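Open your viewer, set the colouring to something you like, and keep the selection panel at hand. We will go from stop to stop, and at each one you will hear what to select and what is there.

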Amino acid sequence: MENQQHTGSPVATAAKAKPAFIDVRNVGQVFRTQSGGEVVALQDVNLTIGDGEFISVLGPSGCGKSTLMPILAGLASPTSGDVLMGGEPITGPGKDVGVVFQQPALFPWRTVLRNVTLSAEVLGLPKAAARQRAQELLDVVGLGHAGGMYPYELSGGMQQRVGIARALLHDPKLLLMDEPFGALDALTRENMGLELLRIWELSRKTVVFVTHSVSEALFLADRVVVMAARPGRVAEIHEVQVPRPRTLDHMSTPEFGEAAAYLRHLLGAKTGD
Ligand SMILES: Nc1ncnc2c1ncn2[C@@H]1O[C@H](COP(=O)(O)OP(=O)(O)OP(=O)(O)O)[C@@H](O)[C@H]1O
Ligand SMILES: [Mg+2]
């Protein structure tokens with residue numbers, strides 16, 4: 001059952017045929033605990049992601065989803081294995097990557113707008129254009145009015161949306177999102193999902209999207225990577241057969257329901273969740 005592909009439709013086959021952009025090869029990550037023990041957070045993870053592909057990652061708490069993200073971003077080195085981007089090993093943080101962390105990690109002394117323009121400053125991009133783009137992105141995430149506010153004045157969901165705008169500012173080719181909608185109410189969450197798909201369809205970024213929601217994973221992705229814990233590993237890769245462009249109506253089709261039931265079964269059977 002390990003690393004098994006769940007075969008799919010012509011749509012899924014097309015997704016699979018895209019040229020490899022990210023190549024995760026035998027990646028392992030072992031952490032030392034305070035008590036001197038070891039945690040195998042990731043073991044032998046292999047994953048090829050096509051250019052412009054949308055990947056969702058599902059799995060129980062502690063299976064290594066968040067551990068994988070900084071490795072893909074070049075912010076952390078795995079204990080074993082390697083990651084290639086466009087055929088080249090990732091050796092450090094790249095300007096083509098945008099990350100939305102599980103915790104929004106905004107700078108408290110910067111306004112919302114200046115939190116969003118941060119990557120432009122780091123990358124030395126023109127200031128005026130960055131401010132204009134930041135304002136556009138704040139409008140997209142429903143925070144057009146909040147540019148002058150400080151993070152402490154925002155709710156958790158609002159802070160998370162600032163994090164999303166910040167990750168998009170420099171128009172990265174690879175967008176890594178770790179439970180970006182976890183703190184949002186159901187309606188905002190659905191709208192943000194639709195907005196993300198709209199952005200993705202326009203810009204064709206490669207997206208890796210971690211979520212605990214089976215229906216969100218299916219709604220967004222070309223393929224869903226199902227992970228298992230202890231040790232953290234890829235249990236199965238499921239090709240999503242829902243046609244694009246997607247609307248919320250797709251979620252109420254029998255095919256969607258069957259795929260969701262299948263993934264829930266996998267999560268239950270393999271992880272005890
Ligand atoms: N810096 C660290 N030091 C020691 N152990 C760590 C460290 N980071 C993560 N771990 C351990 O690695 C495993 C994977 O953690 P990770 O945060 O990647 O899980 P996750 O799948 O993102 O979980 P969740 O769904 O709860 O966010 C866990 O057992 C965790 O305790
Ligand atoms: Mg996590």
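The tour below starts with the whole chain and then moves to the ligand, a helix, a strand and some backbone oddities.

**Before you click**

You are looking at a predicted model, in which local features need pLDDT of at least 70 and side-chain atom pairs count only at pLDDT 80 or more, while totals for chains, interfaces and linings use all residues. Residues are numbered from 1 along each chain as its sequence is written, chains are lettered from A and ligands numbered from 1 in the order in which they are written, and side-chain values use heavy atoms, with hydrogens and water left out.

**Stop 1: the whole chain**

Show the protein as a cartoon and you will find 9 helices and 11 strands; helices (H or I, at least four residues) and strands (E, at least two) are DSSP runs, numbered from the N terminus. The C-alpha atoms fill a box of roughly 50 × 50 × 35 Å along the principal axes. How does the radius of gyration of the chain agree with that of a compact globule? The chain has 18 Å, and a compact globule of 273 residues would be near 19 Å, so the two agree. That radius is taken over C-alpha atoms, and the globule rule is 2.2 Å times the number of residues to the power 0.38.

Now switch on the surface. About 12600 Å² of the protein chain is accessible, and carbon and sulfur atoms account for 54% of that; areas come from the Shrake-Rupley method with a 1.4 Å probe, and for residues only the protein chains shown count as cover. Buried residues are 49% of the 273, where buried means under 20% relative accessible area, exposed over 50%, and partly exposed in between (1.4 Å probe, protein chains only).

**Stop 2: ligand 1**

Select ligand 1 and expand to the residues near it, meaning those with a heavy atom within 4 Å. Of the 14 residues in this shell, Ser61, Gly62, Lys65, Thr67 and His212 come nearest. The shell divides into 5 nonpolar, 7 polar and 2 charged residues; Ala, Val, Leu, Ile, Met, Phe, Trp, Tyr, Cys and Pro count as nonpolar, Asp, Glu, Lys and Arg as charged, and the others, Gly among them, as polar.

Next, draw three distances from oxygen atoms of the ligand, looking for polar contacts (N or O pairs within 3.5 Å):

- to a polar side-chain atom of lysine 65, 2.7 Å;
- to a polar backbone atom of glycine 62, 2.8 Å;
- to a backbone N or O atom of glycine 64, 3.0 Å.

The protein covers 63% of the 640 Å² of accessible area that ligand 1 has on its own.

**Stop 3: helix H2**

Strand S3 (38–50) and helix H2 (65–73) each supply at least two residues of the ligand shell, and H2 gives the most, with 3. Select H2: 7 of its 9 residues are buried, namely Lys65, Thr67, Leu68, Met69, Ile71, Leu72 and Ala73. Just after the helix comes glycine 74, with a positive phi near 80°.

Centre on threonine 67, which is buried because its relative accessible area is 16%. Beyond residues up to four places away in sequence, threonine 67 touches Gln29, Phe31, Ala41 and Leu42, contact meaning heavy atoms within 4.5 Å.

**Stop 4: strand S3 and its neighbour**

Move to aspartate 44 in strand S3. Is this residue buried or partly exposed? Aspartate 44 counts as partly exposed, at 48% relative accessibility. Leaving aside neighbours within four places in sequence, aspartate 44 is in contact with Asn26, Val27 and Gly28.

Step across to asparagine 26, in strand S2 (residues 20–32). Asparagine 26 has a positive phi of about 50° although it is not a glycine, and at 41% relative accessibility it counts as partly exposed.

**Stop 5: unusual backbone**

Most residues other than glycine have a negative phi, and most peptide bonds are trans. Select alanine 105, in the loop between strand S7 (97–100) and helix H3 (112–116); the phi of alanine 105 is positive, near 50°.

Then look for two cis peptide bonds. One joins arginine 230 and proline 231, with omega about -10°; proline 231 sits in the loop between strand S10 (223–228) and strand S11 (233–239). Another runs from arginine 244 to proline 245, with omega near 0°, and proline 245 is in the loop between S11 and H9.

Conventions. A polar contact is a pair of N or O atoms within 3.5 Å; within protein, one must be able to donate a hydrogen and the other to accept it, and residues adjacent in sequence count only if both atoms are side-chain atoms.
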